[in-house]
Amino acid sequence: MVESSWVRIGLRIVSGLVLAFLYLPLVILAIYAFNESRLMAWPPPGLTLHWFGDAAANPDIRAAFLNSIVAATAATSIALVLGTLASLAVQRYEFFGRDAIAFMLVLPIALPGVITGIALQTTFKTIGLNFGLMTIIVGHATFCVVVAYNNVVARLRRLPRTPEEASSDLGADTWVTFRRITMPGMRTALLSGALLAFALSFDEIIVTLFTAGAGTQTIPIWIFTAIQRPTELPVVNVVALVLVLLSVVPVYFAQRIGGEAASIAR
Amino acid sequence: MTAPGPSTETAAPPASRGRALARWLYGRSRTQLRLLLAAPLAWIVLVYLGSLVVLLLNAFWAKDAFTGNVAPFQWTLAAFEEIFGQEVYRTIAVRTVTIALLVTLTDALLAFPIAYYMARIASPRTRGILLIAVLMPLWAAYLVKIYAWRTILQGNGFLAWVLSPFGIHGPGLSSQPNAWLVLSYLWLPYMIVPIYAGLERIPGSLLEASSDLGAKAGVTFRRVILPLLVPALVAGSIFTFSLSLGDYIVPNLVSNAKFIGNVIYDNSALGNVPVAAAYSLLPIVIMVIYLFAARRLGAFESL
Amino acid sequence: MRRLTIPAALVTIGMVMAACGSTVPSGALTSLGDGEGQLNLIIWDGYAERGAVDKAYDWVTGFEKDTGCKVKTTPMTDSANGVQLLKSGQYDGGSFSGDATIRLMAAGDVAPVNVDLIPNYKDVFAGLKLKEFNSKGGVPYGTPHGRGPNLLMWNTDVVTAAPTTWDPIFEGGAAYKGKISIYDSSIYIADAALHLMTKQPDLKITNPYQLNDAQFAAAIDLLTKQRDNGAVYWGLLTDQVQSFASGDTVIGTTWPYQVNLLQGEKKKVKAVLPNEGSTGWSDTWMIYSHAAHPNCMYRWMNHMLSPQANAEATVWFGEAAVTQKACEFAETISPGHCAQQHASDEAYWDKIWYWTTPQADCADADAATTCKDQDAWVSAWTTLRGS
C-alpha cells in the first residue's frame, strides 16, 4: 500500500464519521420504536414495547407486506426476463441502435419518479385500466429492467465465448448451450440483479403512489398513509425497524454472491 | 439451410422441436436478434415511452378551470404560457438544479474517503462488513428515513437538544439547507458503491508506480486516481442528481420550499395535468442531456 | 376521455326522463340493493375513525359489521386534490366541501341522490337542505356531514394576550417571525380577502371568493407579506399538529380537529373565531357518478346521518352536527356540543364564508363583472409558495 499512515488514520476517522452520519437517523428511528409518546419529541419521555404488539396485530400491515412481496417478486421476474433478453441482444450482436437500447433502458430510472408516475397514471386512466396490484407491478418492472440488464451485461462482457463455441461444436443446439453453459455463468449476475430489483421494488414509493389506486397498499404506501395520521407514527417506526433488521439477510447474501462490487444501478 | 452437423463419430442427438427451431435460427442472426429484442423493446417503448408521450400530449391540451376536465385534442399552449410567463417557475428550476448539484458534490466528497478506505486499505473481511454496512441504510424505508430526519431537525428534536447547551437553536423545519442535508444523506450509498467499484478496478501497480516516481499522495490523487474515477463518479452522480432533481417528498417534509418535483406533483394532485406535463419537460430535457454527457464519459459501463 | 362525456349524456337522458314526472332524480339509484362488500372513500382526515386514536370514537367498524362493506379511505389535502381524486374513478364518493361540490356537480362527476333511499335524511336541519353547494336544480346531490369555521389557534405559553382578530398572523406577523402556521392551499387567499373586508373597506370586497383584479392583487400582497414573515405552510393536518407540538409554530389558522388533537396531548393551545368572522366549510357526502359500489355508498350516507355516527364524528372533529337527533346524542358524549358549535343557529352560519370555487363570472347575476377564476388562484398560490 502506498498511503502514508497519516492518510490511513485520517481516512479511517472520516470513514467512521461518514458511517455515523449514515446510521444516526436509523438509531434515532430505533429508539423511537420504543417511544412511549405518540408525538416524536426528543428525548422520548419513556420506553415501551407496546407498539410492537400493535404492529403485529394490525391486519393492514400484513396485507401491505404481502402485496409488497408479491409485487416485488412479479416485477423482479419480469425484469429479469426482459433484462436478460436485452443484454443478450446488446452484448452478442451488432446492430443499428445498439447504444440507444442501454439509453432507453436507463431512462425509467434516470428520469424523476414523479414523471414516470404521473405518465403511467395518466396513461392507465386514459386506457381505462383498473388500478391495483397489476398496475403497480407494471410500473415497478419498468424501472427494474435496467437493474437486471446492467448486471447481466456486465457479466456477459466478462464471460468468454469459447465454452459456448465448444459446446456448439460438440453438437449442442442453441437452447442446450444457453441452458448448460451461458446460464450457469450468468447465475450470480442474475441473482444479484434479482436482489437489487427486489429491493428497489420493495422500497419504491413515488411511482407506486401514482399507480396503486385506492384499494391496494404496499408497505411503503402503508407507511406513507400511516405517517399522515399522528396516531400511527410509533407503529411506523416499529415497521421500519423490523424491515431494516430483516434486510440484513438479503444484503448479506447479495454480498456473498456479488463477490466483487455488485453494481448498484438503481 | 442445414447447420454444419456434428462430427460423424458421435451419435446424433435426438431430433426435437427445440432443436429444429435452433437449426432454423442458426445463421439467421437478424431473426435471433429480433426475437431477443421483441419483448424488452416492446415493453419499454409501449409501456414507458408510450406513457411519456401520453403525458406530454396532455401538456398541449386545454383544461376547464371550473370543472377541471381536460379536453383531449383541444390544442392550446396555455400550460406553456403559464410556465414561461410566471417568474416563479424559473426560480424553482434554478433552486432545484443548484441543490441537486450541491448534493452531488457533497455526496462525492463524503463518499470518496470511505470508498477509498474500503477499496484499498481495509482487509477483505472488513471490506465485506463495510459494504454491508453501507448498503443496509438503503433498505430502511425512504419515507421513514426522512421522518427520522424530521425528528432530528424539528424545534424540539435531537439537533435542538444537542445544540441547546450552546444556546444555538435547532434549524426547525422550514429552512432550505435541510433539503440539501437530507437529500445528501439519502443518496450517499448510491455514490459510495460506484466509487468503491471504480477504485477497486484501479490496479495497485499504477499507484505504486506513481509513488515510486516521487509523487506525493495529493498528486497521485489528482493525476492518477481522479481521472480514472471519472466514469464511476459520473455514474454515481446520475443517481444523486436525478433523484434530487425530481424529489418532492423531501422538500415538502423538511423545508418550506418548492422544488421542480413539487410543482409537478402539486399540479397533478390538483388535477392540473397540462401544467404538470409541461413542466415535466424541463427535468426530462435536463436528464437526457446529462445522460448523453454521462455516456460520453463512459459512465454507463460503471453503473 | 370519452368516459367523461357519458355522464353528461346520462344527465341529459335523465333530465328528459325527469321531465316525464319521475320523483326519483335521474342518475340516482332507484332501489337499494345488497352491499357490494367494499367502499372506497375520499375523506378529510378525521372523518372516518376506527378508534385508532381514541377507542370511544369509532363509527366505521360497526358500519362494516352491519353492512359487510369494507371501508377504505384516502385523505385529501385540499378540495382541488379531492376533485382530482374523485375524477380518477377509483372511489365511490367522499366528503367534499363547497368549493369541490359545485365543481363536481357542474362536471357531472357526482350523481344526484335519491333521498327516499336514505331514511335519516329527513332529520337534517332545514338550513342544510337544498343549498347551492349540495344541490342542483332543486335536486339534492349529497348528504350533509358537518360544518365548521376555520379558527385562529395559538400557543398560550408564547402568545400571552389572547387574540381577538386575525391581525396577529397578518399585520402583527413580525412578532412571530418564522412561527406562523398557514393552510397550504389556494383557497386561503379567501382568508386574506376576508381580512381585507374590514381592513381595507375601500376595496369593496363583498365576497372573499369572487375577487376582481384589484381586490385579488391586494389579497396576494397581504399574503406575500405574511410569507415574508416566515409563514410555515401545512398541507397535512398532522404536519401542523407536529409543528405546534414541537414549538416550531406558535400561531396560525387551523381546523377544530387539530385543536382537539393537541389539547388531547396536553399541549397548551387555544383557538378562537376572530371578530371579523372567518371562512369555513360545509361538508357533504357525495356519490361518484360511476361508483363501483353504490349500495354501500348509500348505506354509508345513511349511516353518517344516524344520530350516533354524526354525533361522534362531529364531536371528534369539532364541527357542528347536522340533525337534531345527533345533537341530542352529542349531549351525552360532550355536553353543550351543539350549542357551542351553533349547530342549528342559522344566523351564525350566515356570517361564515363557506369554501366555494372562485369563478370567472363572479358567480353573480351581473354579466359585466369578471373575477379571478380557480386557475388564477392556483397559479397565484404557486407563485407565492414557490418564490
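How much area do chain A and chain B bury between them, and what share of it is on carbon and sulfur atoms?

Before we dig in: this is a predicted model, where local features need pLDDT of at least 70, side-chain atom pairs count only at pLDDT 80 or more, and totals for chains, interfaces and linings use all residues. Residues are numbered from 1 along each chain as its sequence is written, chains are lettered from A and ligands numbered from 1 in the order in which they are written, and side-chain values use heavy atoms, with hydrogens and water left out.

**Exercise 1. Size up the contact between chain A and chain B.**

Step 1. Start with the area. Chain A and chain B bury about 8,900 Å² between them, and 79% of that is on carbon and sulfur atoms. Buried area here is the accessible area (1.4 Å probe) that two parts lose on being put together, summed over both.

Step 2. Look for polar links. The rule finds zero salt bridges across this A–B interface; a salt bridge would be a side-chain nitrogen of Lys or Arg within 4 Å of a carboxyl oxygen of Asp or Glu. Nine residue pairs are in polar contact, both at pLDDT 80 or more. That term stands for a pair of N or O atoms within 3.5 Å; within protein, one must be able to donate a hydrogen and the other to accept it, and residues adjacent in sequence count only if both atoms are side-chain atoms.

Step 3. See who takes part. On the side of chain A that touches chain B, helix α1 (residues 5–32) of chain A gives the most, with 16 residues. Helices (H or I, at least four residues) and strands (E, at least two) are DSSP runs, numbered from the N terminus. By class, that side of chain A has 70 nonpolar, 13 polar and 10 charged residues. Ala, Val, Leu, Ile, Met, Phe, Trp, Tyr, Cys and Pro count as nonpolar, Asp, Glu, Lys and Arg as charged, and the others, Gly among them, as polar.

Step 4. Count the residues. The contact (heavy atoms within 4.5 Å) takes 93 residues from chain A and 97 from chain B.

**Exercise 2. Now do the A–C interface.**

Step 1. About 1,700 Å² is buried between chain A and chain C, and carbon and sulfur atoms give 52% of it.

Step 2. Here the rule finds zero salt bridges and zero residue pairs in polar contact (both at pLDDT 80 or more).

Step 3. Helix α5 (residues 113–127) of chain A supplies the largest share of the side of chain A that touches chain C, three residues. That side has seven nonpolar, eight polar and four charged residues.

Step 4. In total, 19 residues of chain A and 23 of chain C make the contact.

**Exercise 3. Place strand β8 of chain C: what encloses it, and which strands does it join?**

Step 1. Five of the five residues of β8(C) (residues 151–155) are buried, so the strand is largely enclosed by the rest of the structure. Buried means under 20% relative accessible area, exposed over 50%, partly exposed in between (1.4 Å probe, protein chains only).

Step 2. Sort the side chains. L151(C), M153(C) and N155(C) point one way, while L152(C) and W154(C) point the other.

Step 3. Find the partners. Two strands pair if DSSP finds at least two bridges between them. Four bridges join β8(C) to β11(C) (residues 251–254), antiparallel, and four join β8(C) to β12(C) (residues 269–272), also antiparallel. M153(C) stands opposite G252(C) in β11(C) and opposite A271(C) in β12(C).

**Exercise 4. Explore the loop between β14 and α14 of chain C.**

Step 1. T357(C) lies in this loop, between β14 (352–354) and α14 (374–386). T357(C) is buried, with a relative accessible area of 0%.

Step 2. Leaving aside neighbours within four places in sequence, T357(C) touches residues including F66(B), D99(C) and R103(C).

Step 3. Check the backbone. Most residues other than glycine have a negative phi. C362(C), not a glycine, has a positive phi of about 65°, and A363(C) has one near 50°.

Step 4. Compare covering. C362(C) is buried at 6% relative accessible area, whereas A363(C), at 48%, counts as partly exposed.
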